[in-house]
Amino acid sequence: QVQLVESGGGSVQSGGSLTLSCIASGYQNRRGYLAWFRQASGKEREGVAIISGRGYATYADSVRGRFVISLGNDKNMVYLRMHNLEVRDTAAYYCAAAPEPQGTIYQALRAPNSFEFWGQGTQATVSA
């Protein structure tokens with residue numbers, strides 16, 4: 001059974017940085033995907049960044065160039081380094097795992113239902 005636990009959220013001012021971490025216990029699959037999603041108050045959950053076990057990654061247009069997703073050395077840790085944060089980045093951020101994905105990373109990032117396992121979320125709040 002895969003269990004995901006996020007950490008690293010907090011409050012920062014616009015332009016600041018935060019790094020989110022997620023440990024995926026029970027997950028060791030080079031074929032799978034790990035991703036970060038976020039959900040702002042009153043909005044739908046959206047994909048932020050995704051990475052395959054081989055290190056291929058893609059990002060939502062809204063964060064490309066500001067956020068970086070990476071894997072830990074043992075592939076069961078995933079990080080999201082967020083730079084130049086904006087007020088619109090305020091949301092609960094969720095780590096998700098798809099051990100046996102069906103589509104590409106581009107498709108999966110736009111399809112939360114592709115992910116079988118989810119963490120409990122960590123809040124990131126950006127103030128002006």
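This short talk walks through the strands, two buried residues and the salt bridges of one structure.

Thanks, everyone. A caution before we start: this is a predicted model. Please keep that in mind throughout.

Let's begin with the open sheet. Four strands make it up, in the order 1-3-8-7, and the pairing is antiparallel. Strand 1, residues 3-7, and strand 7 are the edges, since each pairs on one side only. Neighbouring strands in this sheet are turned by 15 degrees against each other on average, ignoring direction.

Take the strand 1 side. Strand 1 pairs with strand 3, residues 18-25, through 5 bridges, in the antiparallel sense. If you want a residue pair to find on screen, use Val5, whose bridge partner in strand 3 is Ile23.

Now the other edge. Strand 7 covers residues 67-71 and strand 8 covers residues 77-82. They run antiparallel, joined by 5 bridges. Which residue of strand 8 is the bridge partner of Ser70? Tyr79 is. These two strands form a hairpin, with 5 residues between them. Look at Lys75 in that turn: its phi is positive, about 70 degrees.

Stay with backbone angles for a moment. Asn84 is not a glycine, yet it has a positive phi of about 50 degrees. Asn84 sits in the loop between strand 8 and strand 9. With a relative accessible area of 45%, Asn84 is partly exposed.

On to strand 9, residues 91-98. How many of its 8 residues are buried? The count is 8 of 8.

Strand 9 has several partners, so let me list them with one pair each.

- Strand 4, residues 33-39, is joined to strand 9 by 7 bridges and runs antiparallel to it. Leu34 stands opposite Ala97 here.
- Strand 11, residues 122-127, is joined to strand 9 by 3 bridges, again antiparallel. Tyr93 faces Thr122 across this pairing.
- Strand 10, residues 117-118, is joined to strand 9 by 2 bridges, also antiparallel. Ala97 stands opposite Phe117 in strand 10.

So Ala97 has Leu34 opposite in one pairing and Phe117 opposite in another.

A general point while we are on strands. In a regular strand, side chains alternate between the two faces of the sheet.

Next, strand 5, residues 46-52. I picked two residues from it. The first is Ala49, which lies in strand 5. Is Ala49 buried or exposed? Ala49 is buried: its relative accessible area is 0%, and the cut-off for buried is under 20%. Which residues does Ala49 touch, beyond those up to four places away in sequence? Leu34, Ala35, Trp36, Thr58, Tyr59, Ile69, Leu80 and Leu109. One distance to note: Ala49 and Arg110 are 61 residues apart in sequence, and their C-alpha atoms are 9.9 Å apart.

The second is Ser52, also in strand 5. Ser52 counts as buried, at 8% relative accessibility. Leaving out neighbours within four places in sequence, Ser52 is in contact with Gly32, Tyr33, Leu71 and Ile105.

Last topic: charge. Side chains of opposite charge can pair when their charged atoms come close. How many salt bridges are there in this model? The count comes to 7.

Start with Arg31 and Glu100. Their closest N and O atoms are 2.8 Å apart. Why does this pair deserve a look? Arg31 is in the loop between strand 3 and strand 4, while Glu100 is in the loop between strand 9 and helix 1, so the salt bridge ties together parts 69 residues apart in sequence. Arg31 is exposed, at 58% relative accessibility. Glu100 is partly exposed, at 48%.

Then go to Arg38. Its side chain meets that of Glu46 in a salt bridge, 2.7 Å from N to O. Glu46 is partly exposed at 33%, whereas Arg38 is buried at 5%.

Arg38 also forms a salt bridge with Asp89, at 2.9 Å from N to O. Asp89 lies in the loop between strand 8 and strand 9 and Arg38 in strand 4, so this pair ties together parts 51 residues apart in sequence. Both Asp89 and Arg38 are buried. Through shared partners, salt bridges join Arg38, Glu46, Arg66, Glu86, Arg88 and Asp89 into one network.

That's it from me. Over to you.

Definitions and conventions. Residues numbered from 1 in each chain as written. Predicted model: local features only at pLDDT ≥ 70, side-chain atom pairs only at ≥ 80, totals over all residues. Heavy atoms only, no water. Pairing = 2+ DSSP bridges. Buried < 20%, exposed > 50% of the residue type's maximum accessible area, 1.4 Å probe, protein only. Contact = heavy atoms within 4.5 Å. Axes fitted to C-alpha atoms, helices over the stretch in contact; angles between N-to-C directions. Salt bridge = Lys/Arg side-chain N within 4 Å of Asp/Glu carboxyl O.
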